[in-house]
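Trainee: I would like a close look at a single part of this model, the nonpolar core, together with whatever around it helps to place it. Could you take me through it in one connected account?

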Amino acid sequence: MDQFASERSSVSAGIRGLSRNQGVSMLVILAIMWLVLGLLSPYFFTRDNIMEITLQTAVIAIIAAGETFVIISAGIDLSVGALFAASAVVGGLVLEATGSLPLSLAATIAFGSLLGLTNGILITKLWVPPFIATLGMMGVARGLALILSDGIPIYGLPDVYKFIGQGKFFDLIPVPTVIMVVVFIVGFIIANYTRFGRFVYAIGSNAEAARLSGIKVARVTIGVYVICGLLTGLASIIEAGRLGIIQPAGGNGYELLAIGAVVIGGTSLFGGEGSIIATLIGAIIMTTIRNGLNILGVNSFWQYVVTGAIIIAAIAIDQYRRRR
C-alpha cells in the first residue's frame, strides 16, 4: 500500500513538473487552439494550410530565436525590423553589382551581424541602455535601407534566390521550414549545452554576479546581439526569396511580432529565464492566431488588436508568476 502511495505521489509530482514546464504549457495551449480552429473550419487541418502555417512562421521564428538570446540576457532589441530591411537591401545591391548570389547572401548576413555588433558595442562600451540603443538603431537602419535603395524595391532576384523562400523538399516541405528547424536545433544546443549559453542565462539573472564570477559580460552581451543580427539577416533572405523582391520598407512591425513570440513562449523580459523551444511554439501560436482569424474572415485590423492583447496578457502572466 505504501509502495502504491509512493508511486502515485511520484506520478503526481511528475505531472506537476510538466505543468510548470513552459514549453509543455505552450504546447498544450497550441493543441487546444488547433483543435478549436479545426472544429470551426474544415480547411484548417488541410495539408496546404498546415504547411502554410509553418512557412509563415519561419521568418518571425528565426528573428525571435535571436531575440530570445537577447531577452534572456536581460536586454531587448527593438531594431530587428529595420535591421531586417537594411541587411536585405545591402545584399540586393551586392547582387546587382556583382551578379554573385553567394556574395549577396554573405553580404546580407554580414551586414545584419555588423548592425548587431554595433548594438552590442553601444550597450556594453558606451553604456547606452538596450532600449535606447536599439531604438536609435531602428531609425539608423531604416534610414540606411531607404537611402541606399532610394526607396525603390529591388527586383530581378534569380530563381536560385527565390528557391530559398519558395522551394519545397519532396514537393511538400517548404525550404524556409527546414531552415527554421535547423536554426532552432542549433539554438537549442547553444542555449543548453555550451558555456556561452550558460553565461547568457547567468548574465540575465545577475550581471554583476556573473562579472564577479569571471564571465566576460561585455563579450557575451555583444555576442547575443551579433547572433540576433545574424539571424535577422538570414530571415530577410528567406522573406526576399518568398516574395521575389527586396522591399526597403520591409520588416515593419516585425520587432513586435518577434518580441511577442518570445514573451508568449515564456521568456521573462527581466532576463535569466526562458526557452528557445518555447519561443518556437510561441511563434507558431502567433501565426496560428493570424491564420485562424484569416480563415474565419476576421477583419485584419482586429488582428493587430488581438496580437497586442495577447502580448499584454503574456507579460501580465509573467509578472503574476514572478510575484507569487
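Mentor: In this predicted model, the largest nonpolar core has 83 residues, and those with the most contacts inside it are Trp34, Ile62, Ile63, Tyr161, Phe184, Ile246 and Ile285. Helix α3 gives the most to this core, with 14 residues. To see how one of the well-connected residues is placed, take Trp34: once its neighbours within four places in sequence are left aside, Trp34 is in contact with Phe44, Phe45, Ile50, Ile53, Ile284 and Thr288.

Helix α3 spans residues 47-72, and in the loop that lies between α3 and α4 we find Ala74, whose phi is positive, at about 75°, although Ala74 is not a glycine. Most residues other than glycine have a negative phi. Ala74 has a relative accessibility of 40% and therefore counts as partly exposed, since the partly exposed class lies between 20% and 50%.

Beyond that loop comes helix α4, residues 80-98, which packs with helix α11, residues 217-243, at an angle of about 60° and with the two axes 8 Å apart. The two helices are therefore oblique to each other, and the crossing of α4 and α11 is right-handed. On the α4 side the contact is made by Val80, Leu83, Phe84, Ser87 and Ala88, while α11 contributes Cys228, Gly229, Thr232, Gly233, Ala235, Ser236 and Glu239. Sorted by character, the residues of this contact of α4 with α11 comprise six nonpolar, five polar and one charged.

Helix α11 also holds Ile227, which, with a relative accessibility of 22%, counts as partly exposed, because buried would require under 20%. Not counting residues up to four places away in sequence, Ile227 touches Gly66, Phe69 and Phe196. Between Ile227 and Gly187, which are 40 residues apart in sequence, the C-alpha to C-alpha separation is 9.9 Å.

A second positive phi in a residue other than glycine belongs to Trp127, where the value is near 55°. Trp127 is in the loop between α5, residues 101-124, and α6, residues 130-149. With a relative accessible area of 70%, Trp127 is exposed, whereas Ala74 counts as partly exposed.

Methods:
Residues are numbered from 1 along each chain as its sequence is written. This is a predicted model: local features need pLDDT of at least 70, side-chain atom pairs count only at pLDDT 80 or more; totals for chains, interfaces and linings use all residues. Side-chain values use heavy atoms; hydrogens and water are left out. Axes are lines fitted to C-alpha atoms, for helices over the stretch in contact, and angles run from 0 to 180 degrees between N-to-C directions. Helices (H or I, at least four residues) and strands (E, at least two) are DSSP runs, numbered from the N terminus. Angles under 35 degrees count as roughly parallel, over 145 as roughly antiparallel, 65 to 115 as roughly perpendicular and the rest as oblique. A crossing is left-handed if the near helix is turned anticlockwise from the far one by less than a right angle, and right-handed if clockwise. Contact means heavy atoms within 4.5 Å. Ala, Val, Leu, Ile, Met, Phe, Trp, Tyr, Cys and Pro count as nonpolar, Asp, Glu, Lys and Arg as charged, and the others, Gly among them, as polar. Buried means under 20% relative accessible area, exposed over 50%, partly exposed in between (1.4 Å probe, protein chains only). A nonpolar core is a set of buried Ala, Val, Leu, Ile, Met, Phe, Trp, Tyr and Cys residues joined through side-chain atoms within 4.5 Å.
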